[in-house]
Amino acid sequence: MTSGLDGRSVIVTGAGSGIGRAAALAFAAEGAKVVVADLNADGAEAVVKEIEHAGGTAVAVTGDLSEQAVVDEVTATTVERFGGVDVLVNNAGIMDRMSALADVADAEWERVIRVNLTAPFLLTRAVLPHMLAAGRGAIVNTASEAGFRGSAAGAAYTASKHGVVGLTKSLAVMYRKQGIRANAIAPGGTATNISVDADREALGPAALAPHFVNVGRVAQPEEQAAAIVFLASDAASNINGVILPVDDGWSAV
Ligand code: NAD
């Protein structure tokens, strides 16, 4: 079976770096037309150039995806340029400071929840009417091992990624009769530019440290991208509501 992605219209958020960049390149290699959405204009433009250099089609939209105006621009650009939205990959995300709950400042909580959970909600809500009109669509969210367990990050990130898992499952159930599938990947540690600004002496990081055992080897972004492309492809046509660990077995320990 072919991937069915040739000529399809794909939005990848956080596509200027790391897992999103690898996913954008992988979709383009399948012949998909890719919207590279990212806060970082230089990163997004570089990925578009890379795709075009390889003979593919891509356009960058830059801005903070936790803002409704940016979400609307991503959606409108995709529909205008590529005629609809076949695939949405909600991948952009940020780490927290690994803080234990009592140490989570309002700003840390609000930013992490807004970027990791509210932004996927906003963009999915904007894109769904286009998928419903077409009678098909695939949504792939980037969750995390922190969507399964309490020992992979701080309170804010852990809550946000458990939220992404719930959002994915809710979508899978509510839209299964309309030809729309929603799945997620749950990466373990992956070599990207994501950064952790944690005070290692603080309660949260100190409490987490003993649990960073059996975490498996660090993945390359391309290994995460392969799983994203699979879940978005026709090869996964009966896979809906799955949270797929890509973690060298961490979740099995
Ligand atoms: P990364 O920092 O390399 O890439 C993330 C990209 O998202 C960046 O280009 C950044 O500019 C963009 N971004 C951040 N906030 C944004 C916003 N508000 N609007 C638009 N773009 C924004 O990190 P990555 O590791 O590739 O992260 C991708 C996803 O993978 C995230 O959701 C992250 O939580 C998840 N994840 C990563 C790991 C890991 O070990 N790297 C593990 C589990 C889950």
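**Exercise 1. Helix 2: length and faces**

What should the 13 residues of helix 2 (residues 41–53) span at 1.5 Å a residue, and how far apart are its end C-alpha atoms? State which residues of helix 2 are buried and which exposed residues lie on the opposite face.

*Solution.* This is a predicted model: local features need pLDDT of at least 70, side-chain atom pairs count only at pLDDT 80 or more, and totals for chains, interfaces and linings use all residues. Residues are numbered from 1 along each chain as its sequence is written.

Step 1. Helices (H or I, at least four residues) and strands (E, at least two) are DSSP runs, numbered from the N terminus. The expected span of a helix is 1.5 Å times one less than its number of residues. For helix 2 that gives 18 Å, and the end C-alpha atoms are 18 Å apart, which agrees.

Step 2. A residue is buried if 20 or more other C-beta atoms lie within 10 Å of its own, exposed if 12 or fewer, and partly exposed in between, with C-beta atoms placed from the backbone. In helix 2 the buried set is Gly43, Ala44, Val47, Val48 and Ile51. They cover an arc of only 135 degrees around the axis (taken from the directions from the helix axis to the C-beta atoms), which puts them on the same side of helix 2. An α-helix has 3.6 residues a turn, so residues three or four places apart point the same way.

Step 3. Turned away from that buried side, the other face carries the exposed residues Asp42, Lys49 and His53.

Step 4. The buried residues of helix 2 pack against helix 1 (18–29), strand 2 (33–38) and strand 3 (57–62). Contact requires C-beta atoms, placed from the backbone, within 7 Å. Just after helix 2, Gly55 has a positive phi of about 95 degrees.

**Exercise 2. Helix 5**

Check the span of helix 5 and list its packing partners.

*Solution.* Step 1. The 20 residues of helix 5 (residues 155–174) should span 28 Å; its end C-alpha atoms are 28 Å apart, in agreement.

Step 2. Buried residues of helix 5 include Ala155, Tyr157, Val164, Leu167 and Leu171. The buried residues pack against helix 4 (106–134), strand 5 (137–142), strand 6 (180–187) and strand 7 (243–246).

**Exercise 3. Two positive phi values**

Compare the settings of Met98 and Asn214. Which is buried, and which exposed?

*Solution.* Step 1. Met98 has phi near 60 degrees, positive in a residue other than glycine. Its place is the loop between strand 4 (87–90) and helix 4. Met98 counts as buried because 26 C-beta neighbours lie inside 10 Å.

Step 2. Asn214 is not a glycine either, yet its phi is positive, about 55 degrees. Asn214 sits in the loop between helix 6 (203–208) and helix 7 (221–232). With 10 other C-beta atoms within 10 Å, Asn214 is exposed.

**Exercise 4. The ligand shell**

Describe the shell around the ligand.

*Solution.* Step 1. Of the 27 residues around the ligand (C-beta atom, placed from the backbone, within 6 Å of it), Gly14, Ser17, Gly18, Gly93 and Thr192 come nearest.

Step 2. Helix 1 and helix 4 each supply at least two shell residues. Helix 1 gives the most, with three.

**Exercise 5. The whole chain**

Summarise the fold of the protein chain.

*Solution.* Step 1. The chain has seven helices and seven strands. Their order along the sequence is β-α-β-α-β-α-β-α-β-α-β-α-α-β.

Step 2. Of the 253 residues, 48% count as buried. The C-alpha trace spans about 50 × 35 × 35 Å along its principal axes.

Terms used: Two residues are in contact if their C-beta atoms, placed from the backbone, lie within 7 Å. Ala, Val, Leu, Ile, Met, Phe, Trp, Tyr, Cys and Pro count as nonpolar, Asp, Glu, Lys and Arg as charged, and the others, Gly among them, as polar.
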